Amino acid sequence: MGGVEVGPWPQKPMAIHNFDVLILGAGAAGLLCAAEAGKRGRRVGIIERADRAGKKILISGGGRCNFTNIHSQPDNFISSNPHFAKSALARYTPADFIALVEKHGIPYHEKTLGQLFCDRSASDITEMLELECRNAGVRTFLNSGIREVRRDAEFVIHTEGAEFRAPVLVVATGGLSIPKMGATALGYDLARQFGLRIQEARPALVPFVLGPKDRKQYCDLAGVSAEVVVATDNQSFREKMLITHRGLSGPSILQVSSYWKKGERIKIDLAPEHDVTAAIRDDKARNIVTARSAFQRILPKRLATRWLDLHEPSDWTNHSLEELEREVHNWTLTPVDTEGYEKAEVTAGGVDTDELSSKTMESRKVPGLFFIGEVVDVTGHLGGHNFQWAWASGAAAGRAV
Ligand SMILES: Cc1cc2nc3c(=O)[nH]c(=O)nc-3n(C[C@H](O)[C@H](O)[C@H](O)COP(=O)(O)OP(=O)(O)OC[C@H]3O[C@@H](n4cnc5c(N)ncnc54)[C@H](O)[C@@H]3O)c2cc1C
């Protein structure tokens with residue numbers, strides 16, 4: 001019987017691509033960096049593991065992309081070095097990005113507190129960035145999972161079917177939030193591989209989970225929201241708070257979560273600038289009925305009733321009312337946790353800014369290696385600041401590579 005020859009299959013030759021600049025990640029920071037570098041005549045390649053560019057931009061701002069904030073300034077960013085972001089933010093401002101948006105005729109509007117959103121859809125922003133990249137001659141390789149990155153005379157990157165080489169490598173792989181959208185730890189792993197320090201990553205702009213007792217007392221009110229001031233030990237935010245099925249969310253809570261550490265308390269002023277008990281003091285019949293109507297004038301009815309039922313004073317003396325007034329402005333809770341990366345809008349922490357030039361985002365230890373966007377230890381407040389950091393850090397590197 002004739003045998004069948006089983007031998008090594010002929011190997012498919014591996015494609016080799018040479019560039020001046022390779023960028024890992026076609027997200028917000030990577031795309032802007034690529035366009036800037038391409039415009040300066042650099043041959044730029046972007047390697048992206050997803051099947052399309054800018055997926056997170058597409059889901060951002062509820063599908064309308066809050067692409068910047070006209071009031072964005074260094075105070076809106078959290079970092080172990082609060083000065084680091086200043087230079088890049090000053091050299092690529094919200095006005096620069098707005099000029100780009102206007103050049104492409106994209107309609108937008110200010111929603112609140114300086115937050116700019118697309119009128120139509122976030123895809124206006126991804127299409128704009130992709131067009132800028134195409135016009136600048138940038139090549140984007142999608143569906144390209146990265147297997148290995150090493151540095152010989154230049155950086156060498158292997159994907160499944162190809163080898164990429166360039167003297168400059170820009171890491172723009174983002175943070176760990178929303179793993180089901182394909183977030184990976186590659187940026188942090190590469191920083192470690194090249195000996196760069198990392199500030200521990202943690203979920204930020206993320207809802208809180210309450211403990212069983214608080215949950216039982218309040219979470220059946222899921223959907224109720226109120227404007228409050230929420231504070232940790234050193235930061236406070238006055239915006240809406242929303243009760244959820246497992247805890248608390250809404251802009252004020254998301255903002256404060258970026259500063260919160262496990263085990264810490266938060267304080268909530270449920271009635272900012274209101275003297276809630278004045279109406280009870282002034283009423284002849286001081287009792288739970290007058291108290292309820294006083295609270296319901298300021299807070300949503302169900303929350304007012306519940307909170308008061310759980311904090312009803314033992315009597316209605318002036319002293320007890322003063323105590324009740326103090327409590328309504330200092331409602332103290334200790335969340336047991338956050339909802340984690342599954343629900344976090346961003347990742348705080350990341351590549352230690354002491355490792356990078358604040359002007360160019362280049363590693364001080366490894367010339368030619370740059371980190372931009374969310375993978376760096378710079379985290380914006382809610383309201384368009386995270387994209388502003390992605391654009392500003394992307395531009396800083398794109399103009400330097
Ligand atoms: C639901 C949601 C809504 C948001 N809304 C807003 C908003 O309205 N305004 C705002 O300012 N910010 C918003 N953010 C935050 C904002 O999206 C990010 O801060 C911003 O996208 C960070 O840009 P980046 O380029 O650093 O990372 P990303 O935009 O996350 O891009 C990283 C890219 O790298 C790719 N990548 C990752 N790992 C690999 C790998 N191993 N190999 C190859 N490619 C890889 C990813 O697929 C991705 O394309 C939102 C975030 C979320 C999750």
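**View 1. Residues around the ligand in the predicted model.** The ligand is surrounded by 29 residues. The closest of them are Ala-29, Glu-48, Thr-184, Glu-374 and Phe-387. Sorted by class, this shell holds twelve nonpolar residues, twelve polar residues and five charged residues.

**View 2. Polar atoms of the protein beside nitrogen and oxygen atoms of the ligand.** Thr-184, listed among the closest residues, has a polar side-chain atom 2.7 Å from a nitrogen atom of the ligand. At Ala-28 the backbone is involved: an N or O atom there lies 3.1 Å from an oxygen atom of the ligand. A polar backbone atom of Arg-49 is 3.2 Å from a nitrogen atom of the ligand. On its own, the ligand has 1000 Å² of accessible area, and the protein covers 91% of that area.

**View 3. Helices that contribute to the shell around the ligand.** Two or more shell residues come from each of the elements α1 (28–39), α2 (55–59) and α13 (385–398). Of the elements, α13 gives the most, with four residues.

**View 4. Packing of α1 against α5.** α1, which gives residues to the shell around the ligand, packs with helix α5 (residues 123–135). Two packed helices are described by the angle between their axes and the distance between the axes. For α1 and α5 the angle is about 25°, and the axes are 8 Å apart. Angles under 35 degrees count as roughly parallel, so α1 and α5 are roughly parallel to each other. The crossing in which α1 passes α5 is left-handed.

How values were computed: Residues numbered from 1 in each chain as written. Predicted model: local features only at pLDDT ≥ 70, side-chain atom pairs only at ≥ 80, totals over all residues. Heavy atoms only, no water. Near = heavy atom within 4 Å. Polar contact = N/O pair within 3.5 Å; in protein donor to acceptor, adjacent residues only side chain to side chain. Areas by Shrake-Rupley, 256 points an atom, 1.4 Å probe, with all protein chains shown as cover. Nonpolar A, V, L, I, M, F, W, Y, C, P; charged D, E, K, R; others polar. Axes fitted to C-alpha atoms, helices over the stretch in contact; angles between N-to-C directions. Parallel < 35°, antiparallel > 145°, perpendicular 65-115°, else oblique. Left-handed = near helix turned anticlockwise from the far one by under 90°.
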